[in-house]
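Colleague: I would like a close look at a single part of this model. Please walk me through the part you pick, then move on to whatever connects with it.

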Amino acid sequence: MQNEKTVIWEEGEYSYPMAFGFVPNIMSYLHEDGKVRPCMLVVPGGGYCVVSPTEGEIVAKRFYEAGYQAFVLTYTTNILMSAPLKTQPMEDLSRAIRYIRKHAGEFRVDPGRVVVCGFSAGGHLCGSVCVHYNDIADKSEKYAGLSNRPDAAILSYPVISSGSQSHSGSFSALLGMEIDPATGEQHCTGTEAELEYMSLEKHVTPDTPPCFLWQTATDEQVPVENSYLFAESCRKSGVPHAHHVFSGGPHGLSLADEVWASQDFGESYTMDQVFRIVSAVKDGTIPMPEEAKKELLAQLSWSEGEVKAEFQPVEEAAAWPDLAVTWLKNCCGIG
């Protein structure tokens, strides 16, 4: 297996204020037999606050084993809720898709068989590009004529709606957040138009790529209604899709198998931006009250090797990768 980390933005193209030297990138997991294969671009979740390693390398390796050239995207996130992301994550994913297509020969990828696979907020990001791909132009002439439209998408327990069933933290990270001084409650500061734009079920068209959705009925963080809403919009618009709702299991299941339950997620490179921000907080580059600093570091202790909860495999949900591979082959001719 060939592995390589590739920065997708050139110097001067990327300027997110809370990057601290981080630049969005893709990590590749490539076959070395010279065969041209379909591409699976994995987009982990994390509430647009982190890019979770639990949904990165292990997922890419699973699709590598299924015959894909696999990649993991580490995109821009907003852990301190201090610099709204707006469309930056969509620009990151769009550039990653265009980059892979531009370098298809080097990667031995079929540019007409590029699939994105997003989890939770990463599912929202993939879904956003699926419905809004025409809105994300690339300013570099190098990518002129290269499409950012995925050929298919896997949306795993995705954040979809900004309505009553929303995952509010994801939309606050995207669009901005304020705290009510009287109650201490957090509120998203996005405008009505921004929230409408980011509510993906409202923007599905017949040109939306085919989508495979899965979630559990007992998801405690992103209500299962999110995937129902998107699947129904696909049905009404005639978009080829599959929709699997498994009977039980918590949010964040990733592969849902023994590998995931063992918490051997592979390298934690997806946390690069967060680790840089934590370093800036620790050394005082980013001023923060001591209590807030302690809370931030406690929230991130799991990523530094401290196990905070047991992970149990969910055999029923662990079937999803095989179901997705079969669907991609039969429905989309990708495989």
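Modeller: Start just after helix α9, where G284 takes a positive phi of about 85°. The model is predicted, so every value here is computed from it.

Now step back into the helix itself. α9 covers residues 272-282. Its buried residues are D272, Q273, V274, I277, V278, A280 and V281. What covers them? The cover includes strand β1, residues 2-7, and helix α10.

Take the α10 side of that cover. Two packed helices are described by the angle between their axes and the distance between the axes. Here the partner, α10, spans residues 290-299. The two axes come within 11 Å. They cross at roughly 150°. The cut-off for roughly antiparallel is over 145 degrees, and therefore α9 counts as roughly antiparallel to α10. The handedness of the crossing is left-handed.

Which residues make the contact? From α9 come V278, V281 and K282. From α10 come K293, L296 and L297. By class, four of the contact residues are nonpolar, two are charged and none is polar. Two of the α9 contributors, V278 and V281, are also on the list of buried residues in that helix.

Back to backbone angles. Most residues other than glycine have a negative phi, and most peptide bonds are trans. G284 is a glycine with a positive phi. M81 is not a glycine, yet its phi is positive, about 55°. M81 sits in the loop between β4 (69-74) and α2 (88-102). S254 is another residue other than glycine with a positive phi, near 55°. Its place is the loop between β10 and α8. Is S254 buried or exposed? S254 is buried, because its relative accessible area is 0%, and the limit for buried is under 20%.

L255 lies in the loop between β10 (241-246) and α8 (258-261). L255 also counts as buried, because its relative accessibility is 4%. What does L255 touch beyond its neighbours within four places in sequence? The contacts are I58, V59, R62, W260, A318, W320 and P321. As for spacing, L255 and Y48 are 207 residues apart in sequence. Their C-alpha atoms are 20 Å apart in space.

On the other side of β10, P240 lies in the loop between α7 (225-237) and β10. P240 counts as partly exposed, because its relative accessibility is 38%. Setting aside residues up to four places away in sequence, P240 touches P210, C211, W327 and C331. P240 and F212 are 28 residues apart in sequence, with 8.6 Å between their C-alpha atoms.

One of those P240 contacts, C211, leads to the cysteines. How many disulfides does the structure hold? Zero. C130 is in no disulfide, and the nearest cysteine sulfur, that of C211, is 4.6 Å away. From the C211 side, the closest cysteine sulfur is in C130, and 4.6 Å is too far for a bond, because a disulfide needs the sulfur atoms within 2.5 Å. Both ends of this pair are buried: C130 has 1% relative accessibility, and C211 has a relative accessible area of 0%.

Terms used:
Residues numbered from 1 in each chain as written. Predicted model: local features only at pLDDT ≥ 70, side-chain atom pairs only at ≥ 80, totals over all residues. Heavy atoms only, no water. Axes fitted to C-alpha atoms, helices over the stretch in contact; angles between N-to-C directions. Helix = DSSP H or I, 4+ residues; strand = E, 2+ residues; numbered from the N terminus. Parallel < 35°, antiparallel > 145°, perpendicular 65-115°, else oblique. Left-handed = near helix turned anticlockwise from the far one by under 90°. Contact = heavy atoms within 4.5 Å. Nonpolar A, V, L, I, M, F, W, Y, C, P; charged D, E, K, R; others polar. Buried < 20%, exposed > 50% of the residue type's maximum accessible area, 1.4 Å probe, protein only.
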